[in-house]
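Subject: Structure handover

Hi,

Here is the structure I promised to pass on. My notes on what turned up follow below it.

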Amino acid sequence: MKERELIDMIAARADSGSGILRSIGDDCAVIGGEGGRVWLLTMDTLVEGIHFDTGWHPPELLGRKTVSVNVSDVAAMGGAPRFVLLSVALPSTVAGNWIARFVDGFTSACRDYGCHLIGGDTVASPAGITLSVTAIGEAAADQVLYRAGARPGDTVWISGPLGLAAAGLELFRAGLGQDEEILRPLFTAHLDPRARVDLGRRLAASGLVHAMMDLSDGLATDLAHICRQGRVGARVRADRLPRHPGLTRAASLLGRDPVAWMVSGGEDFELLFTAAAGDAPALEQLAAAAGLHVHAVGKVVAGEGVVLVTPGPDGREVEDDITFGGYEHFSAAGRE
Ligand code: ADP
Ligand code: MG
């Protein structure tokens, strides 16, 4: 069973209740608050051997990442993070010093994002470390941005280059490139990603954005979520995806296709959003004020599914269905 089928199955069994403005299905649950405010609640779990490897992940940076991946879901709704709860399941082999360094990193990220660690749980694990966080954020009720809402004709935007974290992880796994300056942003993207809180809040306040989420599972999958919830389709242009020079270098080192990383690589934690085509200059200005550059990479269309359009050498365009596309599916298309 695929992850989204499991979540659909769980969602079908959950009750709704008063005060719940949005439950399962978006980056955060949205709960009505006081004075025109809402609470945003989300949780994410990192599992040793799946999400991180203590062999190359310094505990301080893992602590930071554990906060960032959760805060990113608050940013994805246009909210401000306020509180976090931390649950750790630890095998007896973990040193006390490792935990202290992890928590130092965790609290340093909390300070950066303006939120506070207020509770959690500590349990033993038979094998492997598991880290779960609940993040609680806040937003103005009339500014929250949902995954649903994309309209045909909208431009599809991303808040930064994609594929860096996936490429950085593969370089760590292969034990390659650690001394190359050009690859440093790829390693940082995997070890210590930043949640786009400031940009998310500015986008929410602007009133220009129709749909938004954060990119945790790769553009092919996450844009498919926006399409499914908005009952629309999308076309992404491969030649509009910003390509980091380190990604090109990593691709040649590992014999990989950089476009596959940009389209299917996860854990970038950039924002993905749609807005009317005419609002491009305003959005670019707004991002610049947040110190970021946003990239228009495609458009929303009537219909369903996500198509990747690649200009061919003979001027013809190649179209690939990348809806919910994972890396294997995508590399099978043999693009190079
Ligand atoms: P994200 O990648 O933004 O963290 P997920 O893909 O993990 O989002 O989850 C999608 C939606 O499904 C979210 O609303 C999340 O709260 C919900 N969800 C995921 N797993 C469960 C679960 N075990 N029980 C209830 N809701 C879940
Ligand atoms: Mg998310």
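Start with Asp73 and Asp214: both residues are buried. One caution before going on: this is a predicted model.

**Metal site**

Asp73 and Asp214 both serve the magnesium ion, ligand 2. Asp27 is the other residue that coordinates this ion. Each of the three contributes through OD, at 2.0 to 2.1 Å. Along the chain, the donors follow the spacing D-x45-D-x140-D. Asp73 and Asp214 tie distant parts of the chain together, being 141 residues apart. Asp73 belongs to helix α2 (residues 59-75). Asp214 belongs to strand β8 (residues 209-214).

**Ligand 1**

Which residues surround ligand 1? The list is Glu3, Ile7, Ile10, Ile24, Gly25, Asp26, Asp27, Asp44, Asp73, Arg147 and Ser216. Two names recur here: Asp27 and Asp73 are in this shell, and both also coordinate the magnesium ion. By class, the shell has six charged residues, three nonpolar and two polar. Helix α1 (residues 3-13) supplies the largest share, with three residues.

Several contacts to oxygen atoms of ligand 1 are worth having at hand:

- Asp26 uses the backbone: an N or O atom there lies 2.7 Å from a ligand oxygen.
- Asp27 uses the side chain: a polar atom sits 3.0 Å from a ligand oxygen.
- Asp44 also uses the side chain: an N or O atom is 3.5 Å from a ligand oxygen.

On its own, ligand 1 has 560 Å² of accessible area. The protein covers 64% of that.

Glu3 deserves a separate word. Glu3 sits in helix α1 and is part of the shell around ligand 1. Is Glu3 buried or exposed? Glu3 has a relative accessible area of 54%, so it counts as exposed, the cut-off being over 50%. The C-alpha atoms of Glu3 and Ser23 are 17 Å apart, with these positions 20 residues apart in chain numbering.

**Strands around β11**

Next, the strand pairing. Strand β11 (residues 295-301) pairs with strand β9 (residues 233-237). The two run antiparallel, over four bridges. Gly233 has Val301 as its bridge partner in β11. Ala234 stands opposite Val300 in β11.

β11 has another antiparallel neighbour, strand β7 (residues 155-158). Four bridges join that pair. In it, Val156 stands opposite Gly298.

β9 also pairs with strand β12 (residues 305-311). This time the strands run parallel, with five bridges. Gly233 appears again here, with Gly305 as its partner in β12.

Why call β11 largely enclosed by the rest of the structure? Because five of its seven residues are buried.

**Two positive phi values**

Most residues other than glycine have a negative phi. Two residues stand out against that. Phi of Glu267 is near 65 degrees. Phi of Phe269 is near 60 degrees. Where is Glu267 placed? Glu267 is in the loop between α9 (258-264) and β10 (271-275). Phe269 is in the loop between α9 and β10 too.

Both count as buried, because buried means under 20% relative accessible area. Glu267 is at 18%. Phe269 is at 5%.

**Two more buried residues**

Ser132 is found in strand β6 (residues 130-140). With a relative accessible area of 13%, Ser132 is buried. Its side chain makes a polar contact of 2.8 Å with the side chain of Thr45.

Leu247 is found in helix α8 (residues 245-254). Its relative accessible area is 0%, so Leu247 is buried. Leu247 and Val259 are twelve residues apart along the chain. Their C-alpha atoms are separated by 9.3 Å.

**Where to look**

If time is short, open the magnesium site with Asp27, Asp73 and Asp214. Then go to the shell of ligand 1, where Asp27 and Asp73 appear again. After that, take the loop between α9 and β10, with Glu267 and Phe269.

Best wishes

Key: Residues are numbered from 1 along each chain as its sequence is written. Chains are lettered from A and ligands numbered from 1 in the order in which they are written. This is a predicted model: local features need pLDDT of at least 70, side-chain atom pairs count only at pLDDT 80 or more; totals for chains, interfaces and linings use all residues. Side-chain values use heavy atoms; hydrogens and water are left out. Donors are N, O and S atoms within 2.8 Å of the metal (3.2 Å for Na, K and Ca); water is not among the atoms, so sites may look incomplete. Buried means under 20% relative accessible area, exposed over 50%, partly exposed in between (1.4 Å probe, protein chains only). Two strands pair if DSSP finds at least two bridges between them. A residue is near a molecule or strand if one of its heavy atoms lies within 4 Å of it. A polar contact is a pair of N or O atoms within 3.5 Å; within protein, one must be able to donate a hydrogen and the other to accept it, and residues adjacent in sequence count only if both atoms are side-chain atoms. Accessible areas come from the Shrake-Rupley method with a 1.4 Å probe; for residues, only the protein chains shown count as cover. Ala, Val, Leu, Ile, Met, Phe, Trp, Tyr, Cys and Pro count as nonpolar, Asp, Glu, Lys and Arg as charged, and the others, Gly among them, as polar.
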